[in-house]
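Please open the model in a viewer and keep the sequence panel visible beside it. The tour below proceeds by selections, each followed by an account of what is found there.

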Amino acid sequence: MSVHQPETFEHAIWIANAVLLLAYFFIALEKIPKVVIALLGACVVLLTGILTQEEAFAAIDFNVIFLLVGMMILVNILSQTGALKALALYAAKAVNGSGLRLMLVLSLLTAILSAFLDNVTTVILLGTVTCSIAHQLKINPVPFLISETIASNIGGAATLIGDPPNIMVGSAANFSFLDFLIHLAPVIVLITPVALLTLALIYREELRLPFAAIRQMKRLSTDGAITNRPLMIKALVVLGLVAVGFIFHHQLGLEAATIALSGASLLMIFENSNDIWDDVEWTTVFFFIGLFIIVGAVEKTGTIEMLADWFFDLTRGDFGITTMALLWMSGILSAIVDNIPYTATMIPLVQQMDRFYDNIDPLWWSLALGACLGGNGTMIGATANVLVADMAHRYGHPIYFLQFLRIGGLIMIESLIISTFYLWWRYL
């Protein structure tokens with residue numbers, strides 16, 4: 001036997017599961033960059049022979065990878081034109097000096113943009129502008145940043161490209177952009193006003209701005225915010241074409257990744273500086289790659305199939321209970337660990353459910369909703385949360401774990417309750 005092969009199949013099971021659990025543990029601990037953890041875990045399952053290199057490459061969902069890269073390039077080029085900064089400044093001037101209205105408008109803007117760009121990029125761009133506005137007004141940006149982060153996770157749940165878990169679910173289940181709009185957008189339209197009302201009640205006193213801040217807000221200038229109008233127009237046209245391509249990609253026989261990369265390539269004809277490639281979140285891309293390989297090893301050992309059998313027995317085969325259990329389990333666990341590794345692990349389990357039920361589409365929607373909305377539960381529940389917390393710390397206004405939990409956890413529970421009634425009414 002080769003020294004690179006595990007001695008027994010049981011040995012392989014233990015190694016694969018230990019790698020996955022240790023990866024979860026260290027990701028939650030946040031002491032080591034999660035991309036390093038994922039790549040180290042992938043190397044372990046390769047070096048121990050659980051997966052061959054060919055099997056590892058086969059485990060990587062390149063549709064997810066290329067869709068992420070394509071959208072990152074598109075949004076990065078748009079952001080360089082100053083379009084999103086101008087949009088946020090116009091919103092700030094339109095609220096007539098009200099801090100509460102400013103929070104609600106920026107949060108709603110974040111939710112909408114997160115659905116059609118992607119929530120991580122959107123919250124970084126708008127969060128940076130928010131910190132700049134707060135600095136000019138000499139006010140605390142934390143209520144705005146927390147609200148925008150929560151709104152980004154909610155808005156991102158509405159579409160195929162809005163949140164990484166949706167991209168993963170869409171690729172695994174072969175759902176189209178239109179499928180997400182039809183099945184998930186309606187419940188997000190219900191959840192968004194409830195979340196905004198909750199945020200308004202929580203922050204209504206804290207966002208009463210002093211007179212100096214109100215006066216300064218009315219003086220905010222949008223002059224020079226848009227730095228490259230011709231490129232902005234080209235970017236918006238290409239993004240519009242990409243959006244149309246997403247809606248009809250099934251009819252066109254094209255994957256969403258092909259549409260996104262085609263749009264990115266077209267736009268780079270007009271803007272192809274090195275800054276575009278520098279701004280692509282390569283750590284996120286390689287985190288996905290490592291994660292796919294680890295989960296591929298766990299799936300090969302049969303652990304996922306065993307868990308699917310256990311889950312089926314636990315719910316006694318009742319499809320309604322299985323759907324609701326998956327929603328709430330996904331929500332709670334996604335709040336404890338990052339929703340991306342959680343989704344990567346659960347996708348093969350849902351695929352195994354095809355052995356028990358004729359139509360598992362509602363299970364996919366439960367997983368997507370639970371993973372995206374559960375990301376609001378804690379500060380480590382979603383990538384957007386972690387990035388905004390880092391941003392706030394850099395600007396000298398740290399967001400504390402319990403501070404986020406008190407607000408995000410409440411909105412997560414509200415969102416899951418609404419999703420429960422929606423799923424029951426629509427599919428069960």
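Select Thr322 to begin; in this predicted model, Thr322 has a relative accessibility of 1% and therefore counts as buried, the limit being under 20%. Thr322 is found in helix H19, which spans residues 319-336. To see what surrounds the residue, display Phe311, Thr315, Tyr357 and Leu363: these are the contacts of Thr322 once its neighbours within four places in sequence are left aside.

**The pair H20 and H21**

Leu363, the last residue in that selection, leads to the next stop. Select helix H20 (339-352) together with helix H21 (residues 361-374). How do H20 and H21 run relative to each other, roughly parallel or roughly antiparallel? Their axes come within 10 Å and cross at roughly 170°. Angles over 145 degrees count as roughly antiparallel, and H20 and H21 are therefore roughly antiparallel to each other.

Now colour the residues where the two helices meet. On the side of H20 these are Asn339, Tyr342, Thr343, Met346, Ile347, Val350 and Gln351. On the side of H21 they are Leu363, Trp364, Leu367, Ala371 and Cys372. Sorted by class, this contact comprises nine nonpolar and three polar residues, with no charged residue. Leu363 thus appears among the contacts of Thr322 and also in the meeting of H21 with H20.

**The second largest pocket**

Keep H20 selected and add H1, helix H18 (303-314) and helix H19 (319-336); each of these four supplies at least two residues of the lining of the second largest pocket. The volume of this pocket is about 390 Å³. To centre the view, select Leu20, Leu21, Tyr24, Leu307 and Thr345, which lie nearest the centre of the pocket among its 19 lining residues. Which helix supplies the largest share of this lining? The answer is H18, with six residues. The lining has 16 nonpolar and three polar residues, and no charged residues.

**The largest pocket**

Helix H1 (9-29) also leads to the largest pocket, where it gives two or more residues to the lining, as do helix H2 (34-47), helix H17 (282-300) and helix H22 (383-394). This pocket holds about 520 Å³ of space. Its lining consists of 23 residues, and those closest to the centre are Pro33, Lys34, Val386, Leu387 and Asp390. H22 contributes the most to the lining, with six residues. Colouring by class shows 14 nonpolar, three polar and six charged residues here.

**The cavities**

Turn next to the enclosed spaces. How many cavities of 30 Å³ or more does the structure hold? There are three. The largest cavity contains about 130 Å³ of space. Select Leu68, Met72, Asp118, Val120 and Pro164, which are the closest to its centre of the 15 residues that line it. Helix H4 (62-80), helix H7 (119-137) and helix H9 (164-173) each give two or more residues to this lining. H4 gives the most, with four residues. By class, the lining divides into ten nonpolar, three polar and two charged residues.

The second largest cavity has a volume of about 40 Å³. Select the residues that line it: Ala111, Ser147, Ile150, Ala151, Ile154, Gly155, Thr192, Ala195, Leu196 and Leu199. Helix H8 (142-156) and helix H11 (185-203) each supply at least two of the lining residues, and H8 provides the largest share, five residues. Seven of the lining residues are nonpolar and three are polar, while none is charged.

**Final stop: Gly245**

Select Gly245, located in helix H13 (residues 229-247). Is Gly245 buried or exposed? Its relative accessibility is 8%, so Gly245 counts as buried. Add Leu252 and Ile259, the residues that Gly245 touches when those up to four places away in sequence are not counted. Drawing a distance line from Gly245 to Ile259 completes the view: the two residues lie 14 residues apart along the chain, and their C-alpha atoms are separated by 6.2 Å.

Notes: Residues numbered from 1 in each chain as written. Predicted model: local features only at pLDDT ≥ 70, side-chain atom pairs only at ≥ 80, totals over all residues. Heavy atoms only, no water. 1 Å grid on protein atoms, 1.4 Å probe; cavity = no way out; pocket = protein on both sides within 12 Å on 5 of 7 lines; lining within 4 Å. Points joined across faces, edges and corners; volume = space filled by probe spheres on them. Nonpolar A, V, L, I, M, F, W, Y, C, P; charged D, E, K, R; others polar. Buried < 20%, exposed > 50% of the residue type's maximum accessible area, 1.4 Å probe, protein only. Contact = heavy atoms within 4.5 Å. Axes fitted to C-alpha atoms, helices over the stretch in contact; angles between N-to-C directions. Parallel < 35°, antiparallel > 145°, perpendicular 65-115°, else oblique.
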